[in-house]
Amino acid sequence: MPLKNSQYNAIIRRYDQLRFENSRQLEARRQKVYGAVPQIRQIDEDMAHTAAEYARKAVSSKKNTSIKDFKEDMARLSQKRQALMEENGFPADYLELKYHCPDCQDTGFIGNEKCHCFKQAIVDLVYAQSNIRQRLTEENFDTFRLDLYSAETDRRLGISPRENMENILSCCRDFIKNFDQSHENLLFCGN
């Protein structure tokens, strides 16, 4: 079933919101670090200045620039920054963007292909719009009633309808359990 433009746009807006929220949280963490360790702000400014300076040198061609020197300077600043972070109790990845889906980095796409999280978002949207979620709260494995089936053995089949349904229910639960385990990365976190 193809998505309507409004449905597609709603999903894309959700990804925009996720990326905005990710950026907002990163900026809040950055301000926390800068407040606690002002030297890290200076190192970040030095890194930006170093990158700009090497870019100017590369464009002007008057001065010979070395990528090796650039990488060494940036690595030195990065190591100094990391040491200060650790000394002050911040995790190594504290100033990195956090994604709900690291595979597509909350864009919904990997290259030109829809990411698994985008496909899950489609399922979630269609479920939400069709009221299936409400139905699933009422009709599910937990509410399935085996007592509605006779316990008397059917002579032709050699088992009772209840035993037959117990077997079917067990197979269905096993299928779902195995599907969930093999596809747990397909779940879209953040709905």
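S160 counts as buried, because its relative accessibility is 1% and the cut-off for buried is under 20%. This is a predicted model. In it, S160 sits in a loop, between helices α5 (132–138) and α6 (161–182). The points below start there, then cover helix α2 and the chain as a whole.

**S160 and its surroundings**
- The loop that holds S160 links α5, residues 132–138, to α6, residues 161–182.
- Leaving out residues up to four places away in sequence, S160 touches S150, A151, E152, T153 and D154.

**Helix α2: length and packing**
- Helix α2 covers residues 38–60, which makes 23 residues.
- At 1.5 Å a residue, α2 should span 33 Å.
- The C-alpha atoms at the ends of α2 are 33 Å apart, so the model agrees with the expected span.
- Six names make up the buried set of α2: I40, I43, D44, M47, T50 and Y54.
- These buried residues of α2 pack against two helices, α1 (5–36) and α3 (67–87).

**H49, a residue of α2**
- H49 also belongs to helix α2.
- Is H49 buried, partly exposed or exposed? H49 has a relative accessible area of 48%, so it is partly exposed; the exposed class begins over 50%.
- H49 and Y94 are separated by 45 residues in sequence.
- In space, the C-alpha atoms of H49 and Y94 are 22 Å apart.

**Fold of the chain**
- How many helices and strands does the chain have? The chain has 6 helices and 2 strands.
- Read from the N terminus, the order of elements is α-α-α-β-β-α-α-α.
- Among contacts with a separation of 6 or more, 56% join residues 24 or more positions apart.

**Overall shape**
- The chain has 191 residues and a radius of gyration of 28 Å.
- A compact globule of 191 residues would have a radius of gyration near 16 Å.
- Along its principal axes, the C-alpha trace spans about 95 × 40 × 30 Å.

**Burial, surface and charge**
- Buried residues make up 21% of the chain; S160 is one of the buried residues.
- The chain exposes about 14000 Å².
- Carbon and sulfur atoms supply 52% of that exposed area.
- The chain carries 29 positive and 29 negative charges.
- The mean positions of the positive and negative charges lie 6 Å apart.

How values were computed. Residues are numbered from 1 along each chain as its sequence is written. This is a predicted model: local features need pLDDT of at least 70, side-chain atom pairs count only at pLDDT 80 or more; totals for chains, interfaces and linings use all residues. Side-chain values use heavy atoms; hydrogens and water are left out. Helices (H or I, at least four residues) and strands (E, at least two) are DSSP runs, numbered from the N terminus. The radius of gyration is taken over C-alpha atoms; the globule rule is 2.2 Å times the number of residues to the power 0.38. Buried means under 20% relative accessible area, exposed over 50%, partly exposed in between (1.4 Å probe, protein chains only). Contact means heavy atoms within 4.5 Å. Accessible areas come from the Shrake-Rupley method with a 1.4 Å probe; for residues, only the protein chains shown count as cover. Lys and Arg count as positive and Asp and Glu as negative; His and the chain ends are not counted. The place of a charge is taken as NZ of Lys, CZ of Arg, CG of Asp or CD of Glu. The expected span of a helix is 1.5 Å times one less than its number of residues.
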